[in-house]
Amino acid sequence: MISKGGSEALLQTLVDMARTASPDYDVLLPLLRLLAKIGLRDKKFGQKALELEALDVTLILARKNLSHSQNLLHCLWALRVFASSVTTGAMLGINGAMELLLKVITPYTQKSTQIIRAATEVLAALLKSKSNSRRAVNRGYVSGLLKLHQDWHSHDTANSFVLIRRALLLCLKHIANLRSGREAFLAAQGMEILFSTTQNCLDDTSLEPVISIVLQILRQCYPKSPLPLVTAISAYTFPDARSITSDPPHVLTEEDFEEDGEEEEDKDSDSEDVKEEDDDLETDVIKLSSKPGLDRPAEELMQYQAMCLELSCNFEELEFKAGDDLTFDETQYTNHHHIPTPVSPKGRCLNKDQISWGHEREATAQTSVLSRVKMGRSNLHLTSKNGPGISPHQNVQSSGFGLSSSGSKSSSIQASIKEDAWNIDAISCPRMSASLANSTQPKETAELMDKLLQTHPKRMAFHDPYLYMAKARRTRSVADFTMMAFPDFWGHCPPASAQSMLERKCGVQRIKIFEDIRRLIQPNDVINKVVFSLDESWPSQDITADCLRFFSKFESGNLRKAIQVREFEYDLLVNSDVNSAQHQQWFYFKVMGMRAATPYRFNVINCEKPNSQFNYGMQPTLYSVKEALLGRPGWVRMGYEICYYKNHYRQSTAVTGGASGKCYYTLTFAITFPHDEDACYLAYHYPYTYTTLMTHLDLLEKSVNPKQVYFRHEVLCQTLGGNPCPLVTISARPESNSADHLEQFRQRPYQVITARVHPGESNASWVMKGTLEFLVSSDPVAQLLRENFIFKIIPMLNPDGVINGNHRCSLSGEDLNRQWLSPRAHLQPTIYHAKGLLHYLCSIGRSPVVFCDFHGHSQKKNVFLYGCSIKETLWQAESTVGPSNLSEDVSYRTLPKILDKLAPAFTMSSCSFLVEKSRASTARVVVWREMGVSRSYTMESSYCGCNQGPYQHIQWLLEMTNSERACPLDSFQGLQFGTHELEEMGAMFCLGLLILELKSVSCSHQLLTRATTLLNAAEESLDHHLQRDA
Ligand SMILES: [Zn+2]
């Protein structure tokens, strides 16, 4: 009917009929009903009504029929569809439609509610037009609308007229899109009125349509303000780096925040799918397929010969050097190393497994990575299931430590030290001997530390607090940290059980936002006391004062400011990256002075990313010093009532160069601490410091049998901050120094792995830890890998960023993973030399089989790879440049396919092989294009966890009956990663490299035979991996 001109015909009929002296309402009413129906489907209906002059006649009809309810109602229905077009709405406004409607819309009544509803809905539609909104503001309708809202809200106790109330609020919402509208709203006490009318019915589901609009209005009208910081630029500056443009102090006005129609839905029901942007794809075939020349003089590459000693080394020397070569540390600490040194290699493996894979593993001896393929923890939790049957909800709501109490084997420690004897404040872990002298109680601190260390559980694999302390003294930070964080120093053992994702309760975000708005409404209830700041001095910390005490000046620490807002609530601001004014996301700080069993709310108010896994089941991590001293040292996922949403803070437009001020986001979470007067550490993710890495490498080196494992730890280069960036080489020692054996050794293909270019992605370091420990282990798979490859590993590409608590950048404020196209030695030394080393390997015909850079992903779950493919990129971009004439082998897909079958956390479905323009200067794309490495990858591990594969459900949950579980199985969406799962991924990655080799045509007969024997002996689930691709 619409396509045949039905709308026009009916509208014309309406106009003709309405213009007659006495219209026949018996025909007119059905006509108006029909128009209202068609108008819903005809997108151009408003325009057609305007052109045919149907607006005026309908308005006149309505005016005439103010006291004839049926006639009026029909006119309003027609007006409602006319007004769905903004231009028509504006025209109706000019012709006095709003005044007419306001005559119809009355305070609460039970009569003519159909008419009132229709009139309110027409008014709401009209106010979508800015000119109407402006008129409404000028005529003072805002306070009238607020009064109507109050009246209907207070009288309609049975919630019979929710739709009228919703339409009234929509009127206010549209008006609030205008700056003048927001001003009028605030002046009319709109915030107070809406807040007080709705605060007591937040969880009334029948009022859902009302409350969601109220929330949108309150958020929209909340006056925008700058962050409570002196400057957005980092509190730490590094003078030697290239200076960045600084922002002059600027007083913000409301103009800075002019952003019409900005609104954000309640995230409670949002889907987390991230949209891929196709216009970022590189569609230039020349760019995709050409190989750029060398980015430096060829002769410069010779310096990397010294980093590839394995290619020239004569093993007489090595035999002599292996024992004490490159020993970085003081021998006095070697007495304290607790690396198990069992007699047989098998024993070593077992011992290592026990420790690094968690206590519960002692019962289930595991000797090979093969037995863990796609098994996840399922075979492990038979033991822990017998432990305390604590539901994850108790875990969530209370401390989370209950789960690990099965680790009571260390009760001897517990007995040796009485809890009340601990002076938690005094456990300050001074890093420098100099700081001891400055400390108020130097001697006591040192003695206490010594006493504590005697109780240290000496079973933590590849950790030693004494060695850590010694290494920490050599770590150079911009702020010259003098303290160590207890968790880094003391060490971490993963909890015995995996932790499921946090179930998001509907409405949590709404309650939190109302609490934020309450601050504006009831300012006298807000304490607003700065209790910690890197920028300014704050009132001297009185131990007896009833507030938490914060601290962040230690390696990888990040907290800039803490403000107590209510008795148990704190606003936290994280520091931007050194020499930068952005990238606030990572946090890691110490908090003291808490009461047990009291919920504390923390709000990190200057986060930058628009969404976060904190909205989808992820919890921050917590480490309790008292728990550690009770024999349970470890980071656990903690916190509840977690959500992440846009707040009212804005960056001033002066800083952004006139662009709309950047928004900030709040991460809010509640924590119930496990002990009174504890010292707890809270972090975005499991911390892994540079000093941890250096300690780890030292202990790894000392753990290997130099007669079997070829392990070299050397320095790639110095960073801007003066820290050595380590480079590790791992292979198997040749069986002898016979020419044959030496030749086999030198001809082994290279595998190059890097990690942690982004300092906030500590998950990448845990994956790397798993990779390194696996590669030096006596696992038969690791042995085969060593005998067939030379691994070149740069475990931390951005040590300075890690040390100084950055999230993204280096000391020069640059994202180092955007510098691979043309890195410069003096600005991005680690990238320059990592690339140089790769260029060198290429230049001697030894390009790596696989290059992989480990990262962390904040938006997605699981672990996956990004690779590079010309064909897939062009196909995705629907490029007309026919990929048909391009030949590209699909070998880049093999490794991710293998990992999909092997690794519990890995999923092929999230992998992508597209080359984006914005990624042109990343390691993955540059190594692929410039070095021609077709298997060049980024491996992304979620900060959150897994929602597929064996980790979708936690085994001990599956084994519980429905009545034992607090809620249905479906509500446990999956597993949050612990360090265990991340380390396991590192080992699985290595296994994947072996299978990849077995599938390749170049695989040696000898390796194939040996691997087949090994794999056949393993579980049959592996058999199919051996079948080569056709
Ligand atoms: Zn990254």
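Let me start with the zinc ion, whose protein donors are His758 through ND1, Glu761 through two OE atoms, and His855 through ND1, lying 2.1 to 2.3 Å from the ion. Donors here are N, O and S atoms within 2.8 Å of the metal (3.2 Å for Na, K and Ca), and since water is not among the atoms, sites may look incomplete. This is a predicted model, in which local features need pLDDT of at least 70 and side-chain atom pairs count only at pLDDT 80 or more, while totals for chains, interfaces and linings use all residues. Residues are numbered from 1 along each chain as its sequence is written, and side-chain values use heavy atoms, with hydrogens and water left out.

Why is the arrangement irregular? The four donor atoms subtend angles of 59 to 149 degrees around the zinc ion, which makes it so; four donors count as tetrahedral if all angles lie between 85 and 135 degrees, four count as square planar and six as octahedral if opposite donors are over 155 degrees apart and all others between 65 and 115, and anything else is irregular.

The donor residues follow the spacing H-x2-E-x93-H. Distant parts of the chain are linked by a pair 94 residues apart, with Glu761 in the loop between strand S15 (750–755) and helix H30 (762–776), and His855 in strand S17 (residues 850–857). Helices (H or I, at least four residues) and strands (E, at least two) are DSSP runs, numbered from the N terminus. Glu761 is buried at 7% relative accessible area, and His855 is buried at 3%, where buried means under 20%, exposed over 50%, and partly exposed in between, with a 1.4 Å probe and protein chains only.

Turning to the nonpolar cores, meaning sets of buried Ala, Val, Leu, Ile, Met, Phe, Trp, Tyr and Cys residues joined through side-chain atoms within 4.5 Å, the largest has 146 residues, and Phe854 and Phe989 are among those with the most contacts inside it. Helix H38 (residues 979–999) supplies the largest share of this core, 12 residues. A second, separate core of 88 residues includes Leu100, Phe185, Val210 and Cys221. Setting aside neighbours within four places in sequence, Phe989 is in contact (heavy atoms within 4.5 Å) with Ile753, Val850, Cys852, Phe854, Leu895, Leu899 and Met939.

Finally, helix H9 (residues 130–138) has Asn132, Ser133, Arg135, Ala136 and Val137 buried, and its buried residues pack against several helices, including H8 (113–126) and H10 (141–155). Just after H9, Gly140 takes a positive phi of about 75 degrees.
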